[in-house]
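Hello,

Here is the structure I promised to pass on to you. Please have a look at it first, and then read my notes below.

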Amino acid sequence: GAGLSSPISRRAGAACLAAFAALLALSPLLAGLGPLAALADGFYRSGALVFGGGHIVLPLLEAETVARGLVPADAFVAGYGAAQAVPGPLFTFAAFLGWMAEGAAGACVALAAIFLPGFLAVAGALPFWAAIRARPGARAALMGVNAAVVGLLLAALYDPVFAQGAATAGGAVTAL
């Protein structure tokens, strides 16, 4: 078929990929600059690891917020449930978690940080996509990654969504 035309030059694409990698490598070092920098680090790394479905990021977000004591576990589950009612639920959920951790500034930082790696990766890969897609090895690797994503989605569905939701529902039934 016809090739995909990119409005982004190869040079700009390479710069986006370099920025993606640099931020991924440097954000943990900058996290010590304060709570917003630490929030940006956690959400950038979580966003950088999302491939094929936003629910994969759920355990990562839990580790960055609940495990660090920034957001209570019940608020995490409640926020996840509420986020399912709007478009782009996991990224909306990131803004909720940022708000719970650091108020309005935290919401803005978390939302920007979780979206930024995806924008950089897409802008960076777009100029090279036709060449990548033409390689059988690259196509096979992408099919393997897509299969792995299905497994990760099932794992994310089970824990924390099912495991915590069932425990909460079980506790509510026991309390009755």
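**Salt bridges and what surrounds them**

Searching the whole structure turns up three salt bridges. Please keep in mind that this is a predicted model.

Let me start with R45 and D41, whose side chains form a salt bridge with N and O 2.8 Å apart. Both residues belong to helix α2 and sit four residues apart, about one turn of the helix. In general, an α-helix has 3.6 residues a turn, so residues three or four places apart point the same way. The two partners are covered to differing degrees: D41 is buried, with a relative accessible area of 7%, whereas R45 is partly exposed at 28%.

R45 also takes part in a salt bridge with E64, where the closest N and O atoms are 3.0 Å apart. This pair links distant parts of the chain, with E64 in helix α3 and R45 in helix α2, 19 residues apart. E64 counts as buried, its relative accessibility being 13%.

The remaining pair to describe is R68 with E64, whose side chains meet in a salt bridge at 3.3 Å, N to O. R68 is partly exposed, with a relative accessible area of 42%. Through shared partners, the salt bridges join D41, R45, E64 and R68 into one network. As a general point, side chains of opposite charge can pair when their charged atoms come close.

**A closer look at helix α2**

Since D41 and R45 both lie in α2, I spent some time on that helix. α2 has 14 residues and spans 20 Å from its first C-alpha to its last, close to the 20 Å expected at 1.5 Å a residue. Its buried residues are A38, L39, D41, G42, F43, Y44, S46, G47 and A48.

Which residues does D41 contact, leaving aside its neighbours within four places in sequence? They are S27, P28 and A31. D41 thus has these contacts as well as its salt bridge to R45.

S46 is another α2 residue that you may like to inspect. S46 is buried, with a relative accessibility of 3%. Not counting residues up to four places away in sequence, S46 touches V57, L60, L61 and E64. E64 is therefore a contact of S46 and, at 13% relative accessibility, is itself buried. S46 and I114 are 68 residues apart in sequence, yet their C-alpha atoms are 6.7 Å apart in space.

**The nonpolar core and the overall fold**

Stepping back, the protein has seven helices and zero strands, so its elements run α-α-α-α-α-α-α from the N terminus on. The largest nonpolar core has 25 residues, and F43, L61, F76, L90, F93 and L97 touch the most other members. At least two residues of this core come from each of α1 (10-30), α2 (35-48), α3 (58-65), α4 (73-83) and α5 (89-125). The largest share, ten residues, is supplied by α5. In soluble globular proteins, nonpolar side chains tend to be buried together.

Of the 176 residues in the protein, 28% count as buried. The accessible surface comes to about 9800 Å², and 73% of this belongs to carbon and sulfur atoms. Among the contacts in the protein with a separation of 6 or more, 64% are between residues 24 or more positions apart.

**Cysteines**

How many disulfides does a search of the whole structure find? The answer is zero. C16 is buried, with a relative accessible area of 18%, whereas C108 is exposed at 55% relative accessibility.

If you open the model, I would begin with the network of D41, R45, E64 and R68, and then turn to S46 and its contacts V57, L60, L61 and E64.

Best wishes

Conventions. Residues are numbered from 1 along each chain as its sequence is written. This is a predicted model: local features need pLDDT of at least 70, side-chain atom pairs count only at pLDDT 80 or more; totals for chains, interfaces and linings use all residues. Side-chain values use heavy atoms; hydrogens and water are left out. Buried means under 20% relative accessible area, exposed over 50%, partly exposed in between (1.4 Å probe, protein chains only). Contact means heavy atoms within 4.5 Å. Accessible areas come from the Shrake-Rupley method with a 1.4 Å probe; for residues, only the protein chains shown count as cover. A nonpolar core is a set of buried Ala, Val, Leu, Ile, Met, Phe, Trp, Tyr and Cys residues joined through side-chain atoms within 4.5 Å. A disulfide is a pair of cysteine sulfur atoms within 2.5 Å. A salt bridge is a side-chain nitrogen of Lys or Arg within 4 Å of a carboxyl oxygen of Asp or Glu. The expected span of a helix is 1.5 Å times one less than its number of residues.
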